[in-house]
Every structure is written in structure tokens, then in C-alpha cells.
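Colleague: I would like a close look at a single chain of this complex, set out for someone in a first year of study. Please take the sheet, the helices and the confidence together.

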Amino acid sequence: MQNNNYKSDINILGIETSCDDTCAAVVQNGSKILSNVVASQNYIHEKYGGVVPELASRKHIEVITIIIKEALEQSGLKLKDISAVSVTNRPGLVGSLLVGVGAAKSISYGAKIPLVAVNHLKAHLYSNILINPEQEGGFIGLIVSGGHSSLYVIECDWSISEIGHTVDDAAGEAFDKIARFLNLGYPGGPVIDKLAREGDPSIIELPRPMLGSGDFNFSFSGLKTALIYRTRKNPEIMGKENIPDLVASFQESVVDVLVEKTIRACLEFKFNKILVSGGVAANSRLREKFGIKAEENNIEVRIPPIPLCMDNAAMVACLGYHEFIRGNFSNLDVDVYSRSDI
Amino acid sequence: MYILGIDSSTGRVSVAVNSDQQLLSKVEYGKNQKFMVSIIALIDKALKKANISLDFVDLFAVNIGPGDFTGTRIGISVAKTLAWVGSKPICGIESLDVAALGIFFKNFKKIQKPLGEGKQIIIAPVLDVKRNEVYFSFYKMEESSLGNSKDERSEFKVHAISNISIQNKNYYLNKVSGGHLAKSKDFTKKFSALFVPDNGFSSYILLGGSAFSSYKHLESEVKESGGSRSGSHLSSLTGVDKRVFSPDAFHLNLCAYCNYLNNRQESLKKVKSTRQGNLRGSKAQGSKAQNGSIPNSDTNSLLADYGLAPLYVREFTPFKT
């Protein structure tokens, strides 16, 4: 995958503002992370129990230059050492994307370096390349976050096609909504993950949605409703001592479906490697269960360290590096898109 | 001094290059153009027309609203980053200031008569900020002969948003109030209540701005309110400019230039204290970054680094809580 036509190092500045985190990073030669700065906005959105797009965009505007400057300073490089600027331009919240793309275009125009606009989802899959640059052979890719829950086939040449996606809520979205319903705080993922460790998932039984659907799609909206109806029927399970059991069985249900379907896809497409990324890939139970199931089926599962699972700019810079090598530059009239195929 | 101004706060983009107060080039794109697609090309076009390259720009100016959410954001993001890349100062100007200057230019002939009669000229831009609300402010105009003083700049008034030299006269536009928000149906009432003329009938009030084309009833209300007891001072002393016009990057540049001159002395004095402030700010940010958040105050003190005031837009409440 490496191309040695270039004598000196290729340093890519990555910018990522697709949702509520303002991120900038500098990555050398596609795998050496020189800096990776993330400014989270959780403290702004927590009182609403979810990301408020307008507030997110405003915060991006305030911090964007500071974060880019910080990433450059931490990398020890100057702007003149940067070979290209890579930015997420799809898919995501349009208002948020505009801030990052505006900044990236200006850097490209002002510093006279190429612009590489990349797909956020593709960048998530590339976060695995960042850790292990020598990735060969086909994969099944799972991206599971607050905005996406999708399965992909990644061929040997890294051409990617989607084989399944969520038909309603994303897994992370379901975590947030359940956390909000139970007044556990925001973001829901880490809170439920922590609480569930003290709970027993076998006490309260919840369905495993779309496990037998025969395709590779997901659905988490019904599971959420099932949990809410269960609490209406037995209000006592909302009691403080029962909450860990309740969220543990909710988490177990989500994890079961995700792991089971991903493994099934891997077997069906006759691959033996799985790449997982996205915010929900930080869930400890998901990581654990993937480990167990992978061993049973003799499959290798690769999940990047938690900071690289979440939204970050290092993965954007990594994908930017590979597009740079391929000569896939973007024009300065590139637009942003709220929805996009990979 | 070359100034590049970007105004994308109104649903259209206007980019202008000034040399001090003189306009070198101006490029505009009308409605229905996608900002993000065209903005860099537009900047490039304006620079080429002015016959300079980006490296020659000494000051960046940008309209920071209130205005079109998406447009304003794109303008700020682009201007801030361009300024950072070139290590140049940047100046954020409110849309009311730009509008006030626009009204002044459009009605320059109209105000000559009351000015000759020794009347105080008040310019009040009234902007339509949607959801049936208008946003307005008051600007006092002052005139002085272009003296032989070598350093005209030292005469800058503290609150002057702009200084314009036309035909041997210097015109200063002074901001005399902050922005006020009113429901369009209560506008006349609120305007009359807020506007108290210095002494009787010595003022000439000139209103203008996008609100008058959006809310047709405003013009007649302003005119009629002369008959009612409460707003008698608005009567025939009021002029209304109901022409549609949008903020212009040339006016933006004039404001930015004045702002720069006004602040130059002050900011030189402040350099020392600001540096300390920034150091504290970045330190705090470093420790907080591990927790994954950047506190508000530090962000603002760091923004001072770029000479940009925090984004000023109307208080935003996503949900009624």
C-alpha cells in the first residue's frame, strides 16, 4: 500500500467536524500520529440529552482555529511542512461540516497545499490502518456509533461496499435515548457501559431485534420501545437497585445483535478478519464479546484503541494520506453532504 | 493597508478588497448560490481583480452577524483560517454596523439638507432577523471639516464605527446604543420608547434596512406614529429608506479599517496583559483537554489571539425548558 515515490515524509493535517467534536490531527506517512487533538462538546449537549446541531456549529466556529493550531504545535511541525490538508465533507451535520471544510479550504488556498475531502465512514474504517499499516486481505467492516450502524465488505484492494445498515436508530443513538429515558445522563454509552458491569443481563429478558431477519440490517428502535413497555408493566425495575440489571440486559441485547450479525457476515462472505470502529466500539462488553466469538469462529477481530474509535482527525489524516498517494485531490469548490454512501 | 472583507451574512456573498478607505475590487454572488462551493473562488476573483495576492492582505474583515446562520458561519470559518494561515489580524464586524454605513451611503444626498439646517442625524438600521422579529440600533452621525491636522487618525472617536471622507468633509458614524430586539408588531412602540431626542426637534432620524421590505406595515406605522402622542418626536423628522439592500463587503472593510485604527493604540498597550491571559488560557485548556472539554472563558481569551470577538448572535434556546 505504501508508495515510495516521495523522498521526504508526507505529513497530512486532518480536520474533522462532522458532529459534535472539533478534531484536528497531524499524521506522518499515513501511520505515525504526530498529534491528535479533540475538543469534545459533551458539556454543552448534556442538558439536552443529545447533540443540538446549531449549538454544535457555533462551538465549532469558536474553537476551530485554536484546535488546528494546537494540533500543529503538538506535532512540532510548521504549516510549510504539511503536504496536504484532509477534511471530512460527508456525511454529517451540514452546519458542523461547513466549519471544518471552510477552514480546510482556506488552509489549502492560503498555504497553497492540496485539499483532500474524505468520507467520514471510510475514515472510520481506515482508523485500523492507522494502527496496523500492513493490512492485507478482505475484511468485514462494522461501523457502530451515534449516527451509524452499518456493515461493509472491504475487498483486498480496499474497495468498500455496504451490505447492511440500521433501518431506524443507530446503536449509539439507542444508548443515548435509553440513558435519557432512565435519567442517567449524556452521553449514554459510557454511563450504561459502567452501570451494566454491576448488573446481571439474564434477569430481565429483552428481544434480540432482527437477529433472524436473514439480511445484515439492524434495528434498535423496537428494542428501546420493548424496554420502555417493560418498565411500564413492572415499574419496580426502574428502582435504583434494579437499574444495573435493566441496562445490562439492554446492552447485552445490542451487543448480541451486532456481534452475531457481523460474525455471520464474515462467515458468509468467507473472510477471516473483521474491522470494528465508531464510538460504540469503545463499549467494553462489545469488545469482550467480539473477542469470545472471534475465537470460537477462528476469526480475527481488530478494534482500534478507544480514542481512535471515537470521532477523531487522525483517521481523517490517514485516509487523506492514502487518497493523496492515489492522487485523489479535491477542488476548492467541493461541497458538504449530510448523507452519503461510503 | 490592504483589507479583504467577507460578508456572507445575508444569503448572498460579497467579497471586497480595500486599500485603506478606497475600494479596489468587489465581487458578489446572488441568492441561490451555494456559499461553500463558491466562497474561495470568489475571494480569488476579488484578489485578482484588485491585482494583489493573498500574501499582501494586511487585515481580514468578516461580518459576524446577526444574520443567516449558515452563511455567517462559513464566512467566519474561512476568514479566521485565512488570517491564521497568513498570521494576519482579523476583525469581526456586526451586521448592524455594516447596515448603518450602507444606509449612510445610500442616503448621502438626502441627509445633506437636514445637516445644513444644523440637525443631529441619527441613522437606525432595522434588520429582519426572521420569526417576526427585528433587530435595530442607533448611530449618531458627526461631521467635521477635513482639517489640516497631519494626524487625522488621532481624532477618532472611541465609539466611531467608521470614518468616511467625502468632499473635504469627514463623517463619523458613532454607535450610540447596543442592539435591540423587538417583535415586528411592537417595533414602533419600542423604538419610540428607546429613542429620546436630545432637545425637541433637532434630530433627523433615518431608518432603513431589510425589515422595511419584509414587514410592509412598518413604514406606515413609523409615519403614523407621528400623530399619536407617545411617539410625536418621530413625526415628519423621520426618513425611511425601504429599498432592499444587503450588507456590502466594502462597508464592512471601512468599519474594519476604522476599528483597526481605533484599537491599534489600545491593543499595543494591551499586548503585555493579553499575553499573560493567553498563557493562563492555554494552560487551563491543556489540563481540561484531558477531560475532553474546553471551558468557555479560556476559549474567548484564546480567540483574542486572533483579534476576533466571540461569535455574536442572538441568544439561542433550542428548546423551551
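How many contacts beyond four places in sequence does the model have for residues 148-159 of chain B?

Modeller: The model has eight such contacts for residues 148-159 of chain B, two residues being in contact if their C-beta atoms, placed from the backbone, lie within 7 Å. Over this stretch pLDDT stays under 50, where pLDDT is the predictor's confidence in each residue, from 0 to 100. This is a predicted model, in which local features need pLDDT of at least 70 and side-chain atom pairs count only at 80 or more, while totals for chains, interfaces and linings use all residues. Residues are numbered from 1 along each chain as its sequence is written, and chains are lettered from A and ligands numbered from 1 in the order in which they are written.

A second stretch of chain B, residues 269-321, also keeps a pLDDT under 50, and for this stretch the model has 67 contacts beyond four places in sequence. For chain B the mean pLDDT is 72, with 68% of its residues reaching 70 or more. Among the elements of chain B (DSSP runs numbered from the N terminus, helices being H or I of at least four residues and strands E of at least two), strand 1 has the highest mean pLDDT, 94, and helix 9 the lowest, 35.

Strand 1 of chain B belongs to an open sheet of five strands in the order 3-2-1-4-5, with mixed pairing, where two strands pair if DSSP finds at least two bridges between them. The edges are strand 3 (22-29) and strand 5 (90-93) of chain B, each of which pairs on one side only. Strand 1 (residues 2-7) and strand 4 (residues 59-63) of chain B pair in the parallel sense over four bridges, and B:L4 stands opposite B:F60 in strand 4 of chain B.

Across strand 1, strand 4 and strand 5 of chain B lies helix 2 (residues 69-85) of chain B, running at about 170° to strand 4 of chain B; such angles run from 0 to 180 degrees between N-to-C directions, with axes fitted to C-alpha atoms, for helices over the stretch in contact.

Helix 2 also leads us to the partner chain. In all, 32 residues of chain B are in contact with 35 residues of chain A. Helix 1 (35-50), helix 2 and helix 9 (296-303) of chain B are the elements that give two or more residues to the side of chain B that touches chain A, and helix 2 of chain B gives the most, with twelve residues. For the complex, the predictor gives an ipTM of 0.90 and a pTM of 0.86.
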